[in-house]
Structure formats: C-alpha cells, structure tokens
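Here is a walk through one protein chain, written for someone who would rather look at it than read a table of coordinates. Keep the viewer open and follow along.

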Amino acid sequence: MYSVLTGLGYAVPDRVLTNVQLEQMVDTDNEWIVQRTGIRERRIADASTATSDLALAAARSALADAGVSAAEVDLIIVATVTPDYAFPATACLIQRELGAWNAAAFDLEAACTGFIYGLGIADQFIRAGTYRTILVIGAETLSRITDYTDRNTCVLFGDGAGAAVLRAGEEPGLLGLEIGADGRGGELLVLPAGGSRNPASRETVAARRHYIHMAGREVFKFAVKIMEESALRVLARAGLQPGEVDLIIPHQANARIIDSACKRLGIGRDRVYVNLDRYGNMSAASIPVALSEASARGKLKPGDYVLLVGFGGGLTWGAAVIKWNKEAKHD
Ligand code: COA
C-alpha cells in the first residue's frame with residue numbers, strides 16, 4: 001500500500017509587495033535583496049483574509065484536481081505557524097467550510113517543515129490502513145507576524161497556501177520520507193510572545209515581541225547542511241542516487257541556500273523548482289505551493305522522481321521522495 005498524491009492546489013493573495021516598495025519602508029534596496037536572497041516580490045493578504053481563507057481555496061482546488069468529494073476526506077491536517085486562532089484548529093475551520101463531516105482535523109506546527117511533517121503523518125495513517133483519503137495543507141499569513149520595521153526579516157516572508165490530497169493506492173507513490181528536529185536551535189527562529197511563556201501584554205507589544213525574531217546567518221548554515229544530509233538519507237531509503245532525481249522542490253527561503261545545497265548534492269539548477277523570486281518564504285506553504293505550481297506548469301510527468309526537502313524553526317527538517325504518477329497538466 002502506498003500513499004499517492006492525487007490532487008494539488010494552491011492560493012496566494014492578489015496584493016504584491018515588491019522590493020522597491022520595501023525600500024520605502026525600511027533601509028534596504030532591491031539589489032541587496034535580490035543578490036542576498038533571490039526574492040523580488042511577495043504576496044500579502046488583505047486585512048479581511050486569514051490563513052484559513054487561503055487554506056480553504058487551496059483545499060478546494062486540490063480536491064477538485066483529485067476528483068474527490070469533501071465527504072470522502074478522512075483527515076485534514078493544516079501545517080501552520082499562523083493559525084486563525086490558538087484554538088479552534090484552523091483544520092476544524094476548513095472541515096466546517098468544506099462540510100467534510102467524516103474527517104478528523106488538527107493543526108500541526110513544525111514551522112517551514114510543516115508540510116513534510118504532515119505528509120509523514122498522513123502516510124502513516126494510509127499505510128496502516130486507518131484512512132484512505134487525507135488532505136494535507138500548508139498555509140500561512142506570515143505578514144501578520146512580520147515586523148515591517150526590521151530589515152533583517154521583513155524582506156523574506158510572504159503569504160500563501162498549498163494543499164495536497166493523499167490517497168491509498170497500489171502504485172507507488174511516496175517512496176521515502178524522513179522528519180527530524182534539533183530543539184537546541186530553537187532560539188534561532190522564534191516568535192517570543194503571545195504564548196504561555198510571555199503572554200501578550202502592553203510590554204510585549206511595545207517591545208515588538210509578537211513578530212518573528214531570527215538569527216539569519218546561523219539558520220543559513222544549518223539549512224545548507226541539513227538539506228544535503230536529509231536528502232541523501234531519504235534518497236538512499238528509496239534506493240535512488242541524486243542523479244536520478246527529475247525535480248527537486250526545496251523549501252523556498254533563500255536562493256543561495258538552495259544553490260549551495262543543490263551544488264553539494266550535484267543537482268543542477270535545471271532540476272530545481274524555484275518560485276521564491278515571486279513569493280518569498282511562505283513557511284509551511286512554500287513546498288506545497290511550489291509542488292502545485294510545478295505540476296500545473298507541466299514540469300512533472302508520470303514516472304518522474306520528485307524530491308521535497310525543507311528546514312525551519314524548531315529547528316526542524318524533512319525530506320520526501322515521490323514517484324510521480326499524475327498526468328502532466330498545463331496552465
Ligand atoms: N537590506 C540591506 N541590508 C541588510 C538587510 C536588508 N534587507 N538585511 C540585513 N542587512 C545587512 C545586515 O544588517 C548586515 O549589515 P552589517 O554587516 O553592517 O551588520 C549585512 O547586511 C550582512 O548581514 P548578514 O546577516 O551577514 O547577511 P546574509 O548574507 O547572511 O543574509 C539573510 C541575511 C537573512 C538573507 C540570510 O542570512 C538568510 O537567508 N538566512 C536564512 C534565513 C532563513 O532561511 N529563515 C527562514 C528559515 S525557514
């Protein structure tokens with residue numbers, strides 16, 4: 001029994017925030033951002049749009065792509081660090097809007113690795129025979145936790161959502177997956193206030209502690225190393241060499257991280273899908289949006305080996321190898 005990706009979808013807000021617009025907001029310049037990150041613009045949700053709105057649009061599109069009705073969904077997992085509320089879970093809001101009354105629903109938090117963690121959990125339920133149809137969503141409105149007075153972080157992040165439908169099938173599927181964590185690096189990427197350690201107060205708001213705080217250089221080093229190691233482990237588990245990978249979908253944090261990791265793996269840029277120039281880092285949404293776009297743009301054909309690899313706050317990481325068996329589609 002394999003977990004098979006049978007539907008994909010994504011949604012991003014219409015509003016574009018360009019590097020040139022950021023020049024008006026903080027002491028930065030377009031050239032620095034492009035050279036140091038590869039990002040040119042990102043999408044920003046309007047005030048009335050929350051994470052669940054983007055997640056719902058992505059979910060509807062993935063279900064339609066899979067030809068699956070809401071009633072057939074057994075489980076909804078939403079990976080996010082920007083849920084609508086601390087509770088109820090964003091996944092429960094999606095269940096309600098879809099009318100997926102047969103589905104269990106929960107959120108998971110593994111920062112930018114959340115979607116791969118979600119795939120891992122879904123795969124366990126499917127291979128155990130517990131569930132047949134699972135919706136895994138990565139969705140974020142990072143603009144809500146981004147400090148637009150901090151040039152170290154505000155140029156990096158954007159909003160969006162991607163979704164995948166996984167179903168039980170006889171043909172492979174998901175060939176291998178690993179997830180991992182190293183909590184010793186937890187302080188490198190943190191939203192300090194608003195939880196039980198530092199509940200919201202006048203002081204936490206004044207100190208801007210409800211925004212992302214990041215030690216960029218340390219995260220960079222961790223990312224390059226772990227992407228290579230995790231990719232090699234998961235490929236070995238699937239009996240594949242890096243040279244056999246048709247398309248790698250890396251987490252979209254920084255073009256230099258992607259380039260360094262792919263160089264170490266010996267995977268040329270022509271086999272890497274990159275969309276961070278248009279969206280920036282959308283945390284848990286980055287990988288499913290990129291996968292969904294790559295599929296919609298006809299970059300994947302049946303029989304292809306696709307490698308997903310990501311890293312993020314926690315620190316966390318994950319990688320997955322998929323044998324693609326959906327027909328190519330075009331926009
Ligand atoms: N515009 C202009 N200058 C900027 C800037 C900006 N937006 N952001 C930072 N700088 C400055 C810094 O202040 C620093 O100046 P200083 O030397 O006078 O102190 C200089 O640029 C170099 O900073 P440094 O941190 O060494 O840059 P970098 O090459 O490491 O790039 C990041 C910074 C954040 C882009 C990079 O470290 C990165 O991408 N890290 C990983 C972040 C990540 O992936 N986070 C999410 C994980 S899921």
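Two residues or elements count as being in contact when they have heavy atoms within 4.5 Å of each other. With that in hand, start at α4: its buried residues pack against α3, β4, β5 and β6. Bear in mind that this is a predicted model.

**Helix α4 and what follows**

Which residues of α4 are buried? They are T90, A91, L93, I94, Q95 and L98. Just past the end of the helix, G99 takes a positive phi of about 70 degrees.

While you're in this area, have a look at S69, in the loop between α3 and β4. Is S69 buried or partly exposed? Its relative accessible area is 34%, and since buried means under 20% and exposed means over 50%, S69 is therefore partly exposed. The C-alpha atoms of S69 and A100 are 8.4 Å apart, although 31 residues separate the two along the chain.

**The five-stranded sheet**

Now for the sheet that α4 sits on. It is an open sheet of 5 strands, in the order β1-β7-β6-β4-β5, and its pairing is mixed. At the edges are β1 (2-11) and β5 (104-108), each pairing on one side only. From one strand to the next, the twist averages 20 degrees.

Two helices pack on this sheet: α3, residues 51-66, and α4, residues 90-98. Strands β1, β6 (133-141) and β7 are touched by α3, whose direction makes about 130 degrees with that of β1. For α4, the strands touched are β4 (75-79), β5 and β6, and its direction makes about 135 degrees with that of β4.

**Strand pairs, side by side**

Strands of a sheet pair through backbone hydrogen bonds, either parallel or antiparallel. Here are three pairs from this model.

| Strand pair | Bridges | Direction |
|---|---|---|
| β1 and β7 (residues 159-169) | 9 bridges | antiparallel |
| β11 (residues 247-250) and β12 | 4 bridges | parallel |
| β12 and β13 | 8 bridges | antiparallel |

If you'd like to find these pairings on screen, L8 has A164 in β7 as its bridge partner. P250 is partnered by V309 in β12, and G310 by G318 in β13.

**β12, β13 and the hairpin**

Strand β12 is mostly covered, with 7 of its 8 residues buried. Together, β12 and β13 make a hairpin with 3 residues between them, and G314 in that turn has a positive phi of about 140 degrees.

**The nonpolar cores**

The largest nonpolar core has 43 residues, and the members touching the most others are I248, I257, I267, L307 and F311. At least two residues come from each of α8 (216-237), α9 (255-265), β12 (305-312) and β13 (316-323). Which element supplies the largest share of this core? That would be α8, with 10 residues. The core also draws at least three residues from each of domain 1 (2-172) and domain 2 (176-323).

F311 is a good residue to click on. Leaving out residues up to four places away in sequence, F311 touches C112, T113, V219, F222, A223, I226, M227, H251, A253, I257, T316 and W317.

Apart from the largest core lies another one, of 34 residues, and among them are I249, Y273, L291 and W324.

Technical notes:
Residues numbered from 1 in each chain as written. Predicted model: local features only at pLDDT ≥ 70, side-chain atom pairs only at ≥ 80, totals over all residues. Heavy atoms only, no water. Pairing = 2+ DSSP bridges. Axes fitted to C-alpha atoms, helices over the stretch in contact; angles between N-to-C directions. Core = buried A, V, L, I, M, F, W, Y, C linked by side-chain atoms within 4.5 Å. Buried < 20%, exposed > 50% of the residue type's maximum accessible area, 1.4 Å probe, protein only. Domains from an automatic or database assignment.
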